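Hi,

Here is the structure I promised to pass on to you. Have a look at it first, and then read my notes below.

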Amino acid sequence: MILIDHKKTDINNLAGLERDIVVLNWEDRRKSRQRLRTTKGIEIAVALPTGTILYNGDILYMNNNSYIIVEAAEEDVIVIYPDDMTKG
């Protein structure tokens, strides 16, 4: 199991590295502690600082051969449009 305690920010070049994905919905991207499985079956433990939010495209892990990236799950949303934009 891979322990993730921070998001990767020192990313130079991902070319040639094997890509693995962890798909998370809106709620799960806001959890700082959780156990997950990537699309290739790798188990990871996420232990991020409290309040950390994961965004689509965040890199959680990287080594010389591969990296794990966050993918936001497709979800239904509610869209509300006002009747008149001039009324407050």
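Val46 touches Ile4, Ser32, Arg33, Gln34 and Leu36, leaving out residues up to four places away in sequence. Please keep in mind as you read that this is a predicted model.

Two of those partners, Ile4 and Leu36, share with Val46 the largest nonpolar core, which has 12 residues. The other members are Ile2, Val22, Leu24, Ile44, Leu48, Leu54, Leu60, Ile68 and Val70. Four strands supply at least two residues each to this core: β1 (2–4), β2, β4 (43–47) and β6. Apart from it lies another core, of 5 residues, including Leu17, Ile21, Tyr67 and Ile69.

Ser32, another partner of Val46, is worth a moment of your time too. Its place is the loop between β2 and β3 (33–37). Is Ser32 buried or exposed? Ser32 counts as buried because its relative accessibility is 15%, under the 20% cut-off. Besides Val46, Ser32 is in contact with Ala47, Leu48, Pro49 and Thr50, again setting aside neighbours within four places in sequence.

Now to strand β6, which spans residues 66–72. Of its 7 residues, 5 are buried, so the strand is mostly covered. On the pairing side, β6 runs parallel to β2 (residues 18–24), and 7 bridges join the two. In that pairing, Arg19 stands opposite Tyr67. Strand β6 is also joined to β5 (residues 59–62), here by 3 bridges and in an antiparallel arrangement. Tyr61 of this pairing stands opposite Ile68 in β6. With 3 residues between them, β5 and β6 form a hairpin.

One general point may help when you look along this strand. In a regular strand, side chains alternate between the two faces of the sheet. With that in mind, compare the two cores: Ile68 and Val70 are in the largest one, whereas Tyr67 and Ile69 are in the other.

Finally, the surface. Which residues form a nonpolar patch there? They are Val77, Val79 and Tyr81, with about 380 Å² of accessible area together. Val77 lies in the segment after β6. This residue counts as exposed because its relative accessible area is 65%, over the 50% cut-off.

I hope you enjoy looking through it.

Best wishes

Methods
Residues numbered from 1 in each chain as written. Predicted model: local features only at pLDDT ≥ 70, side-chain atom pairs only at ≥ 80, totals over all residues. Heavy atoms only, no water. Buried < 20%, exposed > 50% of the residue type's maximum accessible area, 1.4 Å probe, protein only. Pairing = 2+ DSSP bridges. Core = buried A, V, L, I, M, F, W, Y, C linked by side-chain atoms within 4.5 Å. Contact = heavy atoms within 4.5 Å. Patch = residues over 30% accessible without salt bridge, like charges linked within 9 Å, V, L, I, M, F, W, Y side chains within 5 Å. Areas by Shrake-Rupley, 256 points an atom, 1.4 Å probe, with all protein chains shown as cover. Salt bridge = Lys/Arg side-chain N within 4 Å of Asp/Glu carboxyl O.
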